Amino acid sequence: MKKIVILGSTGSIGTNTLDIVTKFSAQFQVVGLTAGTNGDKLEEQLRQFKPAVVALSDELAAVKLRARCGKFPVEILSGVDGVAQVAQLPEADLVISAIVGGAGLVPTLAAIRAGKNVALANKEPMVMAGPLMQEEARKRGVRIFPVDSEHSAIFQSLEGHRREDVRRLILTASGGPLWDLSKEQMQDVKSEQALKHPNWKMGAKITIDSATLMNKGLEVVEARWLFDIPSRQIDVLIHRESIVHSLVEYRDGSVIAQLGLPDMRTPISYALQYPERMPLELPSLDLADIGKLTFQRPDHERFPCLSFGYEALRIGGTMPATMNAANEVAVAAYLQEGIRFSDIAEVIQTTMETHTARDVRTLEDALEADRWAREKAGSLVHALAR
Ligand code: MG
């Protein structure tokens with residue numbers, strides 16, 4: 001039986017993971033769960049899955065949960081330290097990293113440093129401190145299994161092939177909910193529209209990232225470090241149907257892709273039981289029913305955020321962490337209707353232009369850049385606020 005910890009158990013990836021655990025309960029034991037503020041959902045989960053320890057990063061939510069679960073045999077920790085403690089549980093075999101945003105860096109790195117294999121859904125830590133995460137994983141013999149659907153597709157398409165034969169990684173992008181709009185139409189798009197993703201049901205932050213294509217910018221950086229491949233060998237391809245989840249081109253001209261219906265349980269299950277494939281019994285992919293698959297070049301003019309990922313990698317050091325933090329601040333402001341849709345890219349660009357990149361040698365280097373960028377982006381958002 002595999003003993004698992006889920007960081008971010010109340011989010012979209014967390015609940016999908018627990019859905020798999022419920023169906024295959026003989027294979028998994030949940031030993032730890034963490035969430036941000038959603039104490040109600042965490043309470044439901046802890047009563048169902050009975051982990052020994054849980055943590056809420058929000059202190060007040062933890063106080064309330066403790067009051068409600070007084071007699072239940074579970075330890076309830078709180079704060080960033082509490083979450084990091086659950087990430088390092090001695091009995092855990094695999095840590096599912098599914099926190100939203102940069103908040104996942106400290107606990108995910110803590111899990112790696114504790115020698116835990118990681119199923120990585122939370123891409124931002126890899127963006128903020130990719131080389132550091134990989135170095136720590138190498139030192140401890142830790143494996144990082146991608147959960148992000150594109151990276152899982154690449155991981156699967158690399159299996160059984162020689163790394164030196166790879167010519168290119170091709171990340172597919174759905175184009176998100178606003179692909180058909182003009183630049184002018186996009187400027188003032190309301191969040192209800194930007195939150196309507198055509199193919200994937202995901203949390204709010206990543207859905208807005210899909211609308212700006214910042215998600216793909218982040219994924220380029222994620223792929224660069226996950227697969228240790230230079231960014232000039234990473235391309236993006238718009239594929240509206242989200243059936244081809246990504247591709248690998250080899251030097252003999254062969255292209256290997258992974259296809260499937262857009263359902264996160266496929267990449268999650270592959271990371272959970274690698275190299276085994278779990279009998280999920282999802283509906284079959286009916287290509288005749290779909291009829292045709294379409295592909296287009298990305299549009300950097302309407303979607304400048306895609307270029308930011310490449311630019312951040314070109315400059316290197318703390319620049320990707322800066323880009324990520326500015327994006328998080330801008331997206332939060334947009335969702336609270338503080339800024340316009342087109343301001344998101346503006347805020348990220350200006351923050352990056354103002355930043356002087358330094359090397360990321362330690363966790364603190366990444367966190368310092370993150371703090372700096374949040375402050376900078378915060379002041380830009382404040383100036384733009386209507
Ligand atoms: Mg993805």
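Two rings of Phe, Tyr or Trp count as a pair if their centres lie within 6.5 Å, and a pair is called edge-to-face when the planes are over 60 degrees apart. The exercises below apply this and related ideas to a predicted model.

**Exercise 1.** Find how many aromatic pairs a search of the whole structure gives, and work out how Phe 145 and Phe 155 are arranged.

*Solution.* The search of the whole structure finds seven aromatic pairs. For Phe 145 and Phe 155, the centres are 6.2 Å apart, and the angle between the planes is 70 degrees. Because the centres lie within 6.5 Å and the angle is over 60 degrees, the two rings form an edge-to-face pair. This pair links distant parts of the chain, with Phe 145 in strand β7 and Phe 155 in helix α7, 10 residues apart.

**Exercise 2.** Follow the contacts of Phe 155 onward to Tyr 270, and decide whether these two residues are buried or exposed.

*Solution.* Phe 155 also forms an edge-to-face pair with Tyr 270, at 6.0 Å centre to centre and with 65 degrees between the planes. Here helix α7 is linked to helix α12, which holds Tyr 270, and the two residues are 115 apart along the chain. The relative accessible area is 11% for Phe 155 and 7% for Tyr 270; since buried means under 20%, both residues are buried. Together with Phe 145 and Tyr 274, they form one aromatic cluster.

**Exercise 3.** Identify which residues coordinate the magnesium ion, and describe how these donors are spaced along the chain.

*Solution.* The magnesium ion is coordinated at 2.1 Å by Asp 148, Glu 150 and Glu 219, through their OD or OE atoms. Read along the chain, the donors follow the spacing D-x1-E-x68-E. Asp 148 has a relative accessible area of 8%, so it counts as buried, and Glu 150, also with a value of 8%, is buried as well.

**Exercise 4.** Explain why the buried residues of helix α3 can be said to line one face of the helix.

*Solution.* Begin with the residues themselves: in helix α3, which covers residues 59-68, Ala 61, Ala 62 and Leu 65 are buried. Seen down the helix axis, the buried residues fall within an arc of 100 degrees, and therefore they line one face of α3. The face turned away from this buried side carries the exposed residues Leu 60 and Ala 67. What covers the buried residues includes α2, β3 and β4. Finally, at the N-terminal end, Asp 58 caps α3, with a side-chain oxygen 3.4 Å from the backbone nitrogen of Leu 60.

Terms used: Residues numbered from 1 in each chain as written. Predicted model: local features only at pLDDT ≥ 70, side-chain atom pairs only at ≥ 80, totals over all residues. Heavy atoms only, no water. Donors = N, O, S within 2.8 Å, 3.2 Å for Na, K, Ca; no water. Buried < 20%, exposed > 50% of the residue type's maximum accessible area, 1.4 Å probe, protein only. Phe/Tyr/Trp six-rings, centres within 6.5 Å; stacked < 30°, edge-to-face > 60°. Helix = DSSP H or I, 4+ residues; strand = E, 2+ residues; numbered from the N terminus. Arc of directions from axis to C-beta. Contact = heavy atoms within 4.5 Å. Polar contact = N/O pair within 3.5 Å; in protein donor to acceptor, adjacent residues only side chain to side chain.
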